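User: Please take a close look at one single part of this model and describe carefully how that part is put together and what lies around it. I work at the bench, so please give the cut-off behind each term that you use.

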Amino acid sequence: MISLTKLNRETMMLNAIYIETIESTPDTMILLTNGKRYVVIETIDEVKRLVTEFYRTINVLEKK
C-alpha cells in the first residue's frame, strides 16, 4: 500500500498493485484496474517513486 493525498487534503492508502495508468491532466489522476479513478496532489514522479518503493518492500523489484 502507498499513502497518497486527495485534493481535499485527506490521506488515503492505495494498493499499488491495482494501478493501471497514471496521468497528469494537470492534476495527477490514477486509474485502477477496476475502473476507479483517484485524483491526488502528488506528482507522477512522486507516485512512481512510492510504487517502486512498495514493489521493493514486497520483493518484486531488486533493492538498490
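Analyst: Two strands are said to pair if DSSP finds at least two bridges between them, and the strands (E, at least two residues) and helices (H or I, at least four residues) are themselves DSSP runs, numbered from the N terminus. The model is predicted, so that local features need a pLDDT of at least 70 and side-chain atom pairs count only at pLDDT 80 or more, whereas totals for chains, interfaces and linings use all residues. Residues are numbered from 1 along each chain as its sequence is written, and side-chain values use heavy atoms, with hydrogens and water left out.

The part I have chosen is the sheet, together with the helix that packs on it. The sheet is open and has three strands in the order β3-β4-β5, with antiparallel pairing. Its edge strands are β3 and β5, each of which pairs on one side only. From one strand to the next the twist averages 20 degrees, where axes are lines fitted to C-alpha atoms (for helices over the stretch in contact) and angles between N-to-C directions run from 0 to 180 degrees. Strands of a sheet pair through backbone hydrogen bonds, either parallel or antiparallel.

Strands β3 and β4 run antiparallel and are joined by five bridges, and within this pairing Ile22 stands opposite Ile30 in β4. Glu20 also lies in strand β3; once its neighbours within four places in sequence are left aside, Glu20 is in contact (heavy atoms within 4.5 Å) with Leu31, Leu32 and Thr33. Of these, Thr33 is 13 residues from Glu20 in sequence, yet the two C-alpha atoms are 5.4 Å apart in space. The loop between β3 and β4 holds Pro26, and the peptide bond from Thr25 to Pro26 is cis, with omega near -5 degrees.

On the other side of the sheet order, β4 and β5 run antiparallel as well, joined by four bridges. Thr28 has Val40 as its bridge partner in β5. These two strands form a hairpin with four residues between them, where Gly35 takes a positive phi near 95 degrees.

Helix α1 packs on this sheet and touches β3, β4 and β5, and its direction makes about 155 degrees with that of β3. The helix covers residues 44-57, 14 residues in total, and reaches 20 Å from its first C-alpha to its last, close to the 20 Å expected at 1.5 Å a residue (the expected span being 1.5 Å times one less than the number of residues). Its buried residues are Val47, Leu50, Val51 and Phe54, where buried means under 20% relative accessible area, exposed over 50% and partly exposed in between, with a 1.4 Å probe and protein chains only. Seen down the axis of α1, these buried residues fall within an arc of 100 degrees, so they line one face of the helix; the arc is that of the directions from the helix axis to the C-beta atoms. What covers them includes the three sheet strands β3 (19-24), β4 (28-32) and β5 (37-40), and β1 as well.

Asp45 and Lys48, by contrast, are exposed on the other side of α1. Asp45 has a relative accessible area of 60%, and its C-alpha is 9.9 Å in space from that of Thr28, from which Asp45 is 17 residues apart in sequence. Just after the helix, Asn59 takes a positive phi of about 60 degrees.

A search of the whole structure finds one aromatic pair. The rings of Phe54 and Tyr55 have their centres 5.8 Å apart and their planes at 50 degrees, so the pair is tilted; rings of Phe, Tyr and Trp (its six-membered ring) pair if their centres lie within 6.5 Å, with planes under 30 degrees apart counted as stacked, over 60 as edge-to-face and the rest as tilted. Phe54 counts as buried at 10% relative accessibility, whereas Tyr55 is partly exposed, with a relative accessible area of 22%.

One further strand pair completes the surroundings, since β1 has already appeared in the cover of the helix. Strand β1 (residues 2-5) runs antiparallel to strand β2 (residues 11-14), with four bridges between them, and Thr5 stands opposite Thr11 in β2. The two strands form a hairpin with five residues between them. Arg9, in the loop between β1 and β2, has a phi near 75 degrees, a positive value in a residue other than glycine, and Arg9 is exposed, with a relative accessible area of 59%.
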